[in-house]
Amino acid sequence: MSLLFSEYREFYGIKDCQSELKELIKERLINNDSIIFLVYDNKTAYGFIQFYFSYSFLAISPTIILNDLYIIKSHRRCGVATH
């Protein structure tokens with residue numbers, strides 16, 4: 001999973017730091033700060049979407065923010081993000 005996050009950051013011109021990414025992902029999951037869904041093709045992850053929890057005082061309710069979405073180049077334009 002950290003490889004996908006690393007590729008996602010590189011896509012936006014941010015240098016690789018996989019060791020830090022592994023720890024950050026682990027912390028988010030342990031602390032229930034976010035939900036990460038992975039997309040697979042033949043047991044190989046080729047994309048992810050990450051949601052963060054927040055609260056809206058206007059709606060007076062919890063809310064979920066879609067913050068990160070990434071699909072590797074070979075699987076783009078196949079409708080994955082739509083699903």
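Which loop does Asn32 lie in? Asn32 sits in the loop between H2 and E1, and we'll come back to it in one of the close-ups below. Keep in mind that everything here comes from a predicted model.

**View 1. The second largest pocket and its lining.** This pocket has a volume of about 170 Å³. Helix H1 (2–11), helix H2 (18–30) and strand E2 (44–56) are the elements that each give two or more residues to its lining. H2 hands over the largest share, with 4 residues. If you want to find the walls yourself, look for Phe5, Tyr8, Arg9, Tyr12, Ile14, Leu21, Leu24, Ile25, Arg28, Gln50, Tyr52 and Asp68. Sorted by character, the lining has 8 nonpolar, 1 polar and 3 charged residues. How do we know there's a gap here at all? Rolling a probe the size of a water molecule over the atoms shows where empty space is left.

**View 2. Ile25 and Phe5, two residues from the pocket lining.** Both Ile25 and Phe5 help line the second largest pocket. Ile25 belongs to helix H2. Is Ile25 buried or exposed? Ile25 counts as buried because its relative accessibility is 9%, and the cut-off for buried is under 20%. Along the sequence, Ile25 and Phe5 are 20 residues apart. In space, their C-alpha atoms are 9.0 Å apart.

**View 3. Arg28 and its salt bridges.** How many salt bridges does a search of the whole structure find? The search turns up 2. One links Arg28 with Glu27, where the closest N and O atoms are 3.8 Å apart. Another pairs Arg28 with Asp33, and here the closest N and O atoms are 2.7 Å apart. Put together, Glu27, Arg28 and Asp33 make a network of salt bridges. Now check how covered each residue is. Arg28 has a relative accessible area of 15%, so Arg28 is buried. Glu27, at 34% relative accessibility, counts as partly exposed, and Asp33 is partly exposed too, with a relative accessible area of 28%. Arg28 also turns up in the lining of the second largest pocket, so you've met this residue already in View 1.

**View 4. A nonpolar patch on the surface.** Which residues make this patch of about 380 Å²? They are Ile35, Phe37, Phe53 and Ile64. Let's zoom in on Ile35, which is found in strand E1 (residues 34–41). Its relative accessibility is 31%, so Ile35 counts as partly exposed. That value still lets Ile35 join the patch, because a patch residue needs over 30% relative accessible area.

**View 5. Two loop residues with positive phi.** Back to Asn32, in the loop between H2 and E1. Phi of Asn32 is near 55°, a positive value, and Asn32 isn't a glycine. Why is that worth a look? Most residues other than glycine have a negative phi. Ile60 shows a positive phi as well, about 50°, and it isn't a glycine either. You'll find Ile60 in the loop between E2 and strand E3 (61–71). Are these residues buried or exposed? Asn32 is exposed, with a relative accessible area of 57%. Ile60 is exposed too, at 64%, since exposed means over 50%.

Conventions:
Residues numbered from 1 in each chain as written. Predicted model: local features only at pLDDT ≥ 70, side-chain atom pairs only at ≥ 80, totals over all residues. Heavy atoms only, no water. 1 Å grid on protein atoms, 1.4 Å probe; cavity = no way out; pocket = protein on both sides within 12 Å on 5 of 7 lines; lining within 4 Å. Points joined across faces, edges and corners; volume = space filled by probe spheres on them. Nonpolar A, V, L, I, M, F, W, Y, C, P; charged D, E, K, R; others polar. Patch = residues over 30% accessible without salt bridge, like charges linked within 9 Å, V, L, I, M, F, W, Y side chains within 5 Å. Areas by Shrake-Rupley, 256 points an atom, 1.4 Å probe, with all protein chains shown as cover. Salt bridge = Lys/Arg side-chain N within 4 Å of Asp/Glu carboxyl O. Buried < 20%, exposed > 50% of the residue type's maximum accessible area, 1.4 Å probe, protein only.
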